[in-house]
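Please open the model in your viewer and keep the sequence panel beside it, since the tour below moves from one selection to the next.

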Amino acid sequence: MIDLLQPDSSYYVVSETAAGKQKPVAKRVFDIAVSLLVSVFILSWFIPLIGLLIRLESRGPILFVQLRSGRNGRPFPCLKFRTMKYQKNASFKQATHNDIRVTRVGRILRKTNLDELPQVLNVIAGHMSIVGPRPHPIPLDVQYMPLIPEYKNRFKTKPGITGLAQAKGLRGETSELNQMRHRVRYDIWYTKYASIPLDVKICWWTVERMVKGDKNAW
């Protein structure tokens, strides 16, 4: 059984030697400030409301917990609202366009990115940042790391609830190698030039996509 707080090192997808320097204290302060505001003014009522809608439509837990790769490739329990029909011990499979596993409530949550909102708790716990490369499921890391030499550089910083690639519309299924290559280029650029002003811009671009709806959000 995997300890979600201190997973076994055999689950690491990259050694700690691939990690970069810690980000400035300012970024952590930004993360905590935003996360606490969202937790108090949104999550406090949003989780019970969405949880009720999820349970009314389908049986199973309200939250979906999936082991994903964080900084240094260290795995952590990533939280999301459950958007698919519950199937115990289901194997990993990326969501596809018009995926029959996605519920009606789940489709709305995914379209607006609201399914990611519980990850503010991951930010408070120190697993994630508000902005950073999106954490991929471990099977995707294992699949693409040997094919994209610079892929491991994504792990130099904490993953984010949103990221530059996602703010620019690069999200959803990665059925082709070039789709992942393009996404990784944005991630690597972010790790080099990350700053609080850039994080604020990415947050704004993300909110715009939430309001307009993202055609690649399935």
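**A tour by selection**

Begin by selecting N113, which lies in the loop between helix 2 and helix 3, where helices (H or I, at least four residues) and strands (E, at least two) are DSSP runs numbered from the N terminus. Phi of N113 is near 70 degrees, a positive value in a residue other than glycine, and at 14% relative accessibility N113 counts as buried; buried means under 20% relative accessible area, exposed over 50% and partly exposed in between, with a 1.4 Å probe and protein chains only.

Before going further, note that this is a predicted model, in which local features need pLDDT of at least 70 and side-chain atom pairs count only at pLDDT 80 or more, while totals for chains, interfaces and linings use all residues. Residues are numbered from 1 along each chain as its sequence is written, and side-chain values use heavy atoms, with hydrogens and water left out.

Next, select N72, found in the loop between strand 1 (63–69) and strand 2. The phi of N72 is likewise a positive value near 70 degrees in a residue other than glycine, and N72 counts as buried, at 10% relative accessibility.

Now show the whole protein as a cartoon. There are seven helices and four strands, and from the N terminus on the elements run α-β-β-α-α-β-α-β-α-α-α. Buried residues make up 46% of the 218 residues.

Select residues 32–54, which an unreviewed UniProt entry annotates as "transmembrane region"; UniProt positions are given in the numbering used here, feature names are shortened, and annotations may be inferred rather than shown by experiment. The span is 100% helix and 0% strand, and its end C-alpha atoms lie 28 Å apart.

Extend the selection to helix 1 (residues 25–57) and look for the kink of about 50 degrees centred on I42, where the bend at a residue is the angle between axes fitted to the seven residues ending there and the seven starting there. Among the buried residues of helix 1 are K27, F30, D31, L43 and F46. The buried residues of this helix pack against elements including strand 2 (75–81), helix 3 (120–125) and helix 6 (177–193), contact meaning heavy atoms within 4.5 Å.

Add helix 2 (residues 104–112), which packs against helix 1 at an angle of about 140 degrees with the axes 8 Å apart; axes are lines fitted to C-alpha atoms, for helices over the stretch in contact, and angles run from 0 to 180 degrees between N-to-C directions. Helix 1 and helix 2 are therefore oblique to each other, given that angles under 35 degrees count as roughly parallel, over 145 as roughly antiparallel, 65 to 115 as roughly perpendicular and the rest as oblique. I50, L53, I54 and E57 of helix 1 make the contact with R104, V105 and L109 of helix 2.

Move on to helix 7 (residues 196–212), whose axis comes within 10 Å of that of helix 1 and crosses it at roughly 30 degrees, so the two helices are roughly parallel to each other. Here A26, K27 and F30 in helix 1 meet I196, D199, V200 and C203 in helix 7.

Finish on V207 in helix 7, which is partly exposed, with a relative accessible area of 40%. Add T112 to the selection: V207 and T112 are 95 residues apart in sequence and 9.0 Å apart in space, C-alpha to C-alpha.
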